[in-house]
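Let's take a look at how a few residues sit in this fold. Have the sequence and the model open side by side.

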Amino acid sequence: MIIQDLINNIEEYAPLSYAEDFDNVGLLVGDAQAELKGILITLDTLEAVVDEAIEKDCNFILSFHPIVFSGLKKINGSNYVERTVLKAIKNDIAIYAIHTALDNHFEGVNAKICQRLGLKNRSVLIPQKSTIKKLTTFVPTADAEKLRQALFEAGAGSIGNYDNCSFNVEGKGSFKGNENSNPVIGTKGVTHYEPETQIGVTYSKHSEGKILKALFKTHPYEEVAYEITKLENLNQHIGIGMIGELETPLEEVTFLNELKKKMNTECIRHSKLLGNKIKKVAVLGGSGAFGIEAAKKHGADIYITGDVKYHDFFRAEDKIIIADIGHYETEQYTKNLLFEYLTEKIPNFAPALPLGKIIISDCNTNPVKYF
């Protein structure tokens, strides 16, 4: 098994097309064609993590945060980023960053926080825009069912909890092939009229390659007529942050104590307590001050995130409690999430790789210490 095989599986789980535009995700360092020996899962890739990978004979580091975020103009070891990259290259270790591709996954970073807190009825806090597209094509009616099924199998026609969704209109198509054509139906140089079905299906943008491949492979015509439209509909299963509910409402102080314990944090910075019970909880792993208004709009009683600045706490405006539990603390269980996914999938697509070679890093990479 080569590293690219693992990457293909990771990107099927968390497509890079859903990462934020500012991000730097994917294979950052290393040879995708190298044989995979072992996987080390970490939140951050630092020199100590590379040392751990060397010690444990892992040549693939699956990192949540990217070690290379902005462009490197030189690599001479003058800072921690350059030293980490140099050490990885010297030791033939690949580094892959998943970051906001996993942030925007419905079962990703924020789902893990919800799981830790026991939240039910989860939904996306800030759905990502421009993730849904629509394919419209025209096919001889006799071939319509075969094409529909091929498109469904490739990932088209899924809307929320429903699959195999399409809209079909019967009509009559016309075409005339030139001297270089080779029509499957009709005769070149003669206008032909054929009973056709217009098929319309929506799909998530990351599936477009597979869907178009299925279209061209299955459609009987020499030249396939089709249209692709980008929709403004929000995808309720792709986006950042999450909101859910406690099964039983808790007093504010009780909930904060539970939060501190379940998220293993030494400190919670929060806005004024409001004297209400906590029922609806919004979460956003990492730096999440930008999600405060969305949490208020959803009627959350408390918003849990990290890296909240002084003036952002004023935005609570006595309508919500803002709780900053720390950047690292909100994302720390992402390592467990990735480990659970890979140990479930590896036996199916990489049976030659022992499960013991999928390892959660022992390094605590949190740069923030508490006194």
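Lysine 357 is buried (under 20% relative accessible area, 1.4 Å probe, protein chains only), yet it has no salt bridge, meaning a side-chain nitrogen of Lys or Arg within 4 Å of a carboxyl oxygen of Asp or Glu. The nearest side chain of opposite charge, aspartate 57, is 4.2 Å away. This is a predicted model, where local features need pLDDT of at least 70, side-chain atom pairs count only at pLDDT 80 or more, and totals for chains, interfaces and linings use all residues. Residues are numbered from 1 along each chain as its sequence is written, and side-chain values use heavy atoms, with hydrogens and water left out.

Lysine 357 sits in the loop between H11 and strand S15 (358-360). Two backbone oxygens lie by polar atoms of its side chain, and valine 68 offers one to asparagine 24:

| Backbone oxygen | Side chain | Distance |
|---|---|---|
| lysine 56 | lysine 357 | 2.8 Å |
| aspartate 57 | lysine 357 | 3.3 Å |
| valine 68 | asparagine 24 | 2.4 Å |

Beyond four places in sequence, lysine 357 is in contact (heavy atoms within 4.5 Å) with residues including Ile39 and Cys58. Isoleucine 39, in turn, contacts Leu6, Phe60 and Leu342, among others.

Asparagine 24 lies in the loop between helix H1 (3-13) and strand S1 (26-29). Why does asparagine 24 count as partly exposed? Because its relative accessibility is 24%. Asparagine 24 and threonine 100 are 76 residues apart in sequence, but 8.9 Å apart in space, C-alpha to C-alpha.

Note on methods: Helices (H or I, at least four residues) and strands (E, at least two) are DSSP runs, numbered from the N terminus. Buried means under 20% relative accessible area, exposed over 50%, partly exposed in between (1.4 Å probe, protein chains only). A polar contact is a pair of N or O atoms within 3.5 Å; within protein, one must be able to donate a hydrogen and the other to accept it, and residues adjacent in sequence count only if both atoms are side-chain atoms. Lys and Arg count as positive and Asp and Glu as negative; His and the chain ends are not counted.
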